[in-house]
Amino acid sequence: MPAMEAAVSLSNLSRSPSKFLRTTIHTSSRNASQHLGPLGKSRVLSLSVRHSCIEVKRVNYRPPGTQHNLLNDVSFSLPEKSFGLIFGRSGSGKTTLLQLLAGLSKPTSGSIYVQRYGTDGNANSSPESLSSERVGIVFQFPERYFLADTVLEEVTFGWPRQKADLAMRQRLALNLQYAINSAGLNTIPLDEDPHSLSGGYKRRLALAIQLVQKPDLLLLDEPLAGLVL
Ligand SMILES: Nc1ncnc2c1ncn2[C@@H]1O[C@H](COP(=O)(O)OP(=O)(O)OP(=O)(O)O)[C@@H](O)[C@H]1O
């Protein structure tokens, strides 16, 4: 089945009926990347939990103290090891949806959970909540959140400061190498000031900060802005 036809999606939307939001689930990274180029306004999700899906069921979201839903009846399913692409017009609610997936806001109604399935396609366990520790998110302007003085400190921010045992140090070192290489930061000195990087390298750094945590779900808000691949 072509990737675009594997999509599920979705109603949505915000206040204006002319605005729309659509989520497409891709079954391979190749297909996902093929569709990223022309879509200026896009958000990407990537899931690596085995034999499971993230299920978004009939989610509505209304910010506290407001009268209108930003998201209406959004439902989709994102299988393990797949990419989903959320696209829509400016202000249609893409970032809002990512914030819900990241656990930064709670749906007003509806649910977001991880469901494991057996080989027969039936759910074989109770739904699990998607805890925010399992989710990494790269925001639209990631440099606003940089805190450290060097690239290395930024990527390892939050690591244990006490002396870790050898196994933990090896694991952290491998994670660091994986994140730096995967994000294409290996040509940048690790003692460089994050704020002095180009826009594209700031985005790569923001990606490395998330990859080093090995999240089960990775959310990218307009991931290709400022990047020449
Ligand atoms: N806390 C809030 N209270 C009220 N309105 C909000 C709040 N947060 C976001 N909005 C509004 O919700 C709408 C959707 O915003 P959101 O940032 O999710 O859209 P988007 O699709 O990501 O837009 P863009 O593509 O321009 O980045 C916008 O009109 C925004 O002003």
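The expected span of a helix is taken as 1.5 Å times one less than its number of residues. Helices (H or I, at least four residues) and strands (E, at least two) are DSSP runs numbered from the N terminus. The model is predicted: local features require pLDDT of at least 70, side-chain atom pairs count only at pLDDT 80 or more, and totals for chains, interfaces and linings use all residues. Residue numbering starts from 1 along each chain as its sequence is written.

Helix 5 covers residues 199–211. Its 13 residues should span 18 Å at 1.5 Å a residue, and its end C-alpha atoms are 19 Å apart, which agrees. Burial was assigned from C-beta atoms placed from the backbone: a residue is buried if 20 or more others lie within 10 Å of its own, exposed if 12 or fewer, and partly exposed in between. In helix 5, 11 of the 13 residues are buried, so the helix is largely enclosed by the rest of the structure. Among the buried residues are Tyr201, Arg203, Arg204, Leu205 and Gln210. Contact means that two C-beta atoms, placed from the backbone, lie within 7 Å. The cover over the buried residues of helix 5 includes strand 8 (135–138), helix 3 (151–155), helix 4 and strand 9 (217–221).

Lys202 lies in helix 5. Lys202 counts as buried because it has 20 C-beta neighbours inside 10 Å. Leaving out residues up to four places away in sequence, Lys202 touches Pro142, Glu143, Pro194 and Leu197. Val151 is 51 residues from Lys202 along the chain, yet their C-alpha atoms are separated by 9.6 Å.

Helix 4 (residues 166–182) contains 17 residues. From first C-alpha to last it reaches 24 Å, close to the 24 Å expected. Gly184, just after helix 4, takes a positive phi of about 70°.

Four strands form an open sheet in the order 4-3-6-7, with antiparallel pairing. Strands pair if DSSP finds at least two bridges between them. The edges are strand 4 (71–79) and strand 7 (128–129), each pairing on one side only. Strand 6 (residues 109–116) and strand 7 run antiparallel and are joined by two bridges. Val114 stands opposite Glu128 in strand 7.

The ligand has 13 residues around it. A residue is near a molecule or strand if its C-beta atom, placed from the backbone, lies within 6 Å of it. Pro63, Ser90, Lys94, Thr95 and Thr96 come nearest to the ligand. Helix 2 (residues 94–101) supplies the largest share of the shell, three residues. By class, the shell has two nonpolar, nine polar and two charged residues. Ala, Val, Leu, Ile, Met, Phe, Trp, Tyr, Cys and Pro count as nonpolar, Asp, Glu, Lys and Arg as charged, and the others, Gly among them, as polar.
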